[in-house]
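Student: I have a structure open and I'd like to practise reading its features. Could you walk me through some of them?

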Amino acid sequence: MKLETLAIHAGNMVSDSRQPVVQPITTSTTFLHQEDSLIYSRANNPNRLALENLLAKLEFGEDAAAFSSGNAAGMAVFQALEPGSHLIAPDDMYHGLRAQLIQLFKGILSVTFVDMTDPDQVADAIIPETKLIWVETPSNPLLKISDIKKICKIASDADIRVACDNTFATPVFQNPLLLGADLVMHSSTKYLGGHSDILGGALVTKKKDGFWEKVKFVQQTGGAVPSPFDTYLLCRSIKTLPYRMKGHAEHAGILAEYLLNHPQVEDVYYPGLKRHSGHWVALQQMSGFGGMLSFLVKGDAAVADKVVSKLKFFSNATSLGGVESLIERRAASEGPDTQTPPNLIRVSVGLEHLDDLLTDMEQAMER
């Protein structure tokens with residue numbers, strides 16, 4: 001099946017004797033003891049099984065694990081590492097997972113943050129205790145592009161596992177497992193959900209090995225799992241994912257070009273721009289450049305805040321990936337330890353009519 005067909009059909013695992021076209025929601029928390037049967041919904045549920053089957057197929061993996069949030073999914077990988085393990089992570093990454101590594105796993109795991117757009121920095125950071133390289137490409141919020149193949153080759157030579165946060169690209173535009181990664185992570189709250197009404201996360205593995213068994217143990221014993229309703233909604237939303245992503249990417253590319261040529265803009269970060277430092281690498285490993293971009297306004301944080309406040313069709317809100325356009329001055333959301341420039345504005349470009357978005361941005365940028 002092609003991607004669009006998989007997205008529609010691989011999430012249906014109907015057990016109802018009347019054979020409905022859409023899988024019903026199974027809310028029962030417990031099941032009768034039978035051979036090869038489900039036992040308890042924290043361990044598994046028919047709707048979660050359907051979602052995990054769908055995600056594994058979309059990412060070309062052997063298995064998937066759904067979680068109650070993207071943070072819970074990332075944490076499951078970190079929890080599966082042995083205490084004392086060292087990992088390498090990008091210097092630009094989602095601040096929630098960065099905070100986990102710095103604060104929650106302090107004294108348990110050690111981490112080195114590097115500019116992952118330079119594979120030599122990754123290689124130089126490897127020490128005997130290194131067990132995981134965490135890749136995020138495109139990165140949040142600077143849209144940095146890391147060469148997944150090169151990093152996976154470095155990791156393979158050193159017998160190190162690679163996990164890739166594929167939230168910005170989605171399976172529509174990038175498949176890290178096919179490029180050599182061992183695990184793929186998603187915040188399914190974002191583009192997979194696509195409507196800003198579901199909280200979730202997911203991991204997909206290239207193969208069911210001992211490390212994956214540890215991840216599944218964390219999922220089922222830790223219990224940070226999504227509800228049947230949320231997994232049902234995700235299967236529903238993913239049916240339109242391929243077509244939504246095409247619209248997001250088209251709009252983001254046009255908006256990026258517009259901003260690049262605007263006199264009040266200092267710089268634009270979008271891998272679809274030929275001037276982007278990671279454009280060539282993105283061309284090799286992505287089939288589209290996604291719906292996220294960031295830009296620097298000329299001025300300070302107050303100028304950036306004023307631009308955001310004047311917008312009508314871009315909602316000033318955290319998160320991304322919904323059908324509606326979202327915008328924020330990112331440093332204000334990340335807190336006092338942020339490394340993001342104070343005048344950087346992050347945009348999740350939605351599916352409103354492009355003319356409305358461009359007109360709105362034009363009036364907001366007027367000084």
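Student: Let's start with charged side chains. Which residue forms a salt bridge with K246, and how far apart are the closest N and O atoms?

Tutor: Before that, keep in mind that this is a predicted model. The general idea is that side chains of opposite charge can pair when their charged atoms come close. Here the partner of K246 is E4, with 3.3 Å between the closest N and O atoms. K246 sits in helix α10 (residues 241–260) and E4 in helix α1 (residues 3–9), so this salt bridge ties together parts that are 242 residues apart in sequence.

Student: And how exposed are K246 and E4?

Tutor: K246 is partly exposed, at a relative accessible area of 41%. E4 is partly exposed too, at 24%.

Student: How many salt bridges are there in the whole structure?

Tutor: A full search gives 13. Another one to look at is R329 with D305, at 2.8 Å from N to O. That pair also links distant parts of the chain: R329 is in strand β11 (residues 325–329) and D305 in helix α12 (residues 301–310), 24 residues apart. R329 is buried, with a relative accessible area of 15%, while D305 is partly exposed at 36%.

Student: Where do E334 and R330 lie?

Tutor: Both are in helix α13 (residues 330–334), 4 residues apart, or about one turn of the helix. They form a salt bridge, with the closest N and O atoms 3.2 Å apart, and both residues are buried. Salt bridges with shared partners join E328, R330, E334 and R346 into one network.

Student: On to the sheet. What is the order of its strands?

Tutor: Generally speaking, strands of a sheet pair through backbone hydrogen bonds, either parallel or antiparallel. This open sheet has 7 strands in the order β1-β7-β6-β5-β4-β2-β3, and the pairing is mixed. At the edges are β1 (63–67) and β3 (110–114), each pairing on one side only. From one strand to the next, the twist averages 20°.

Student: How do β4 and β5 run, parallel or antiparallel?

Tutor: Parallel: β4 (residues 130–136) is joined to β5 (residues 161–165) by 5 bridges. Take W134 as your marker, since its bridge partner in β5 is A163.

Student: Which strands does helix α8 touch?

Tutor: Helix α8 (residues 210–222) packs on the sheet, touching β1, β5, β6 (183–186) and β7 (201–205), and its direction makes about 25° with that of β1.

Student: Last topic: aromatic rings. How many aromatic pairs are there?

Tutor: The search finds 4. A pair of aromatic rings is described by the distance of the centres and the angle of the planes. F78 and F105 are edge-to-face, with 5.8 Å centre to centre and 80° between the planes. F78 is in helix α3 (residues 70–80) and F105 in the loop between α4 (95–104) and β3, 27 residues apart. F78 is buried at 1% relative accessibility, and F105 is buried at 7%.

Student: Why is the pair of F78 and W134 called tilted?

Tutor: Their ring centres are 5.2 Å apart and the planes meet at 55°, so the pair counts as tilted. F78 lies in helix α3 and W134 in strand β4, so this pair ties together parts 56 residues apart in sequence. Put the ring pairs together and F78, F105 and W134 form a cluster.

Conventions:
Residues are numbered from 1 along each chain as its sequence is written. This is a predicted model: local features need pLDDT of at least 70, side-chain atom pairs count only at pLDDT 80 or more; totals for chains, interfaces and linings use all residues. Side-chain values use heavy atoms; hydrogens and water are left out. Two strands pair if DSSP finds at least two bridges between them. Helices (H or I, at least four residues) and strands (E, at least two) are DSSP runs, numbered from the N terminus. Axes are lines fitted to C-alpha atoms, for helices over the stretch in contact, and angles run from 0 to 180 degrees between N-to-C directions. Contact means heavy atoms within 4.5 Å. A salt bridge is a side-chain nitrogen of Lys or Arg within 4 Å of a carboxyl oxygen of Asp or Glu. Buried means under 20% relative accessible area, exposed over 50%, partly exposed in between (1.4 Å probe, protein chains only). Rings of Phe, Tyr and Trp (its six-membered ring) pair if their centres lie within 6.5 Å; planes under 30 degrees apart count as stacked, over 60 as edge-to-face and the rest as tilted.
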